[in-house]
Amino acid sequence: MSDVILSRIAEALTWTGRYVERADATGRILDAYLHRMLEDPWRDEDAACRSLYAILGVDAGAERVDMQQVLDQLAFDSRSTCSIEGALGAARLNARSAREAVSSEMWECLNSTWHALADQRRAARRTGPYAYLELVRARAALFFGLADSTMSRDDSWRFVVLGRSLERVDMTVRLLSVRVLDAAHAPDWTTLLSASGADEAYARVHSGFGDNARVAEFLLLDRDFPRSALHALTTAEECLSALGRPRQDPARRPIGRLRTRLEYLDLTALQDQLPALLGDLQQACMASAEAVAERFFPYQGPVIWAQEGA
């Protein structure tokens with residue numbers, strides 16, 4: 001691999017990409033649910049909140065939950081990387097640890113966003129969270145746009161994009177898994193499309209919202225939509241290939257297998273295979289992430305910046 005960057009910087013860049021994507025995806029999911037609840041005031045708030053918790057892998061507990069509790073835990077909690085604020089804080093710390101590898105504009109984007117969150121959080125408690133969530137989505141888009149326009153296509157850029165791609169697959173699978181496997185708390189297909197940022201793209205392809213088979217097919221197999229599982233897996237594999245990993249490398253192999261499986265999937269059997277396929281996608285991303293860490297981040301000793309955690 002030419003122009004190899006230090007393993008600590010590589011790790012920081014990978015997690016920066018993951019955390020910014022996580023904040024963006026969580027913001028989209030929360031916004032989609034909030035809008036659906038405004039459109040349907042008779043909707044069961046507790047069931048909707050439990051659906052949100054299920055998507056993000058958070059234990060809802062036995063007590064009744066409301067949307068303010070969800071926002072406090074999944075948007076405003078700076079101590080947890082499962083929340084928007086915690087993920088953006090971790091992204092900022094990781095980017096600061098890799099200042100020589102990210103552009104000044106990328107750093108300024110994350111730093112100014114982090115410092116704006118406190119005022120936005122206070123305003124959200126008075127007037128609602130919509131401006132807060134819009135800020136998060138806009139700044140995440142700006143960050144990745146700056147990465148594409150201000151970074152050379154070297155290893156630093158590839159680690160950022162690799163982290164983003166793995167997180168995208170994970171979030172898409174989480175959304176579909178709750179819809180397919182957890183009927184008690186499942187979002188409707190319209191909400192799921194909106195939470196994926198896919199509602200307009202899907203409508204242009206299929207001229208409407210259609211049925212569950214088409215939605216699942218679009219979110220898993222569409223080659224052109226950047227948050228589809230196939231598109232994100234293809235991007236991740238391209239990054240690993242450019243980083244010098246052969247096809248049989250432990251980091252590349254699980255992603256390549258699932259990407260090939262999706263490309264040649266029999267669409268008539270998609271619904272029957274969907275539960276197992278979603279589980280395999282999550283396992284492949286976990287295996288690839290662990291292999292990337294073992295190959296590129298093999299150092300010993302304490303890490304001073306934020307890592308994956310509760």
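**Helix packing and the nonpolar core**

In this predicted model, Pro254, Ile255, Leu258, Arg261 and Leu262 of helix H12 are in contact with Leu277, Asp280, Leu281, Ala284, Ala287 and Ser288 of helix H13. Sorted by class, the residues that form the contact of H12 with H13 comprise eight nonpolar, one polar and two charged. Helix H12 spans residues 253-263 and helix H13 residues 270-296, and the two pack at an angle of about 150°, their axes lying 8 Å apart. Because angles over 145 degrees count as roughly antiparallel, H12 and H13 are therefore described as roughly antiparallel to each other, and their crossing is left-handed.

Leu281, one of the H13 residues in this contact, touches Val173, Leu220, Ala229, Leu233, Leu258 and Leu262 when residues up to four places away in sequence are not counted. Leu281 also appears, with Ile29, Leu30, Ile84, Tyr132 and Leu220, among the residues that touch the most other members of the largest nonpolar core, which has 105 residues. The helix that gives the most to this core is H1 (residues 7-39), with 15 residues.

Helix H1 in turn packs with helix H2 (residues 45-55) at an angle of about 165°, the axes being 11 Å apart, which makes H1 roughly antiparallel to H2. The crossing of H1 and H2 is right-handed, and their contact is made by Ile29, Leu30, Tyr33 and Met37 from H1 together with Glu45, Ala48, Ser51, Leu52 and Ile55 from H2. By class, seven nonpolar residues, one polar and one charged make up this contact of H1 with H2.

Key:
Residues are numbered from 1 along each chain as its sequence is written. This is a predicted model: local features need pLDDT of at least 70, side-chain atom pairs count only at pLDDT 80 or more; totals for chains, interfaces and linings use all residues. Side-chain values use heavy atoms; hydrogens and water are left out. Axes are lines fitted to C-alpha atoms, for helices over the stretch in contact, and angles run from 0 to 180 degrees between N-to-C directions. Helices (H or I, at least four residues) and strands (E, at least two) are DSSP runs, numbered from the N terminus. Angles under 35 degrees count as roughly parallel, over 145 as roughly antiparallel, 65 to 115 as roughly perpendicular and the rest as oblique. A crossing is left-handed if the near helix is turned anticlockwise from the far one by less than a right angle, and right-handed if clockwise. Contact means heavy atoms within 4.5 Å. Ala, Val, Leu, Ile, Met, Phe, Trp, Tyr, Cys and Pro count as nonpolar, Asp, Glu, Lys and Arg as charged, and the others, Gly among them, as polar. A nonpolar core is a set of buried Ala, Val, Leu, Ile, Met, Phe, Trp, Tyr and Cys residues joined through side-chain atoms within 4.5 Å. Buried means under 20% relative accessible area, exposed over 50%, partly exposed in between (1.4 Å probe, protein chains only).
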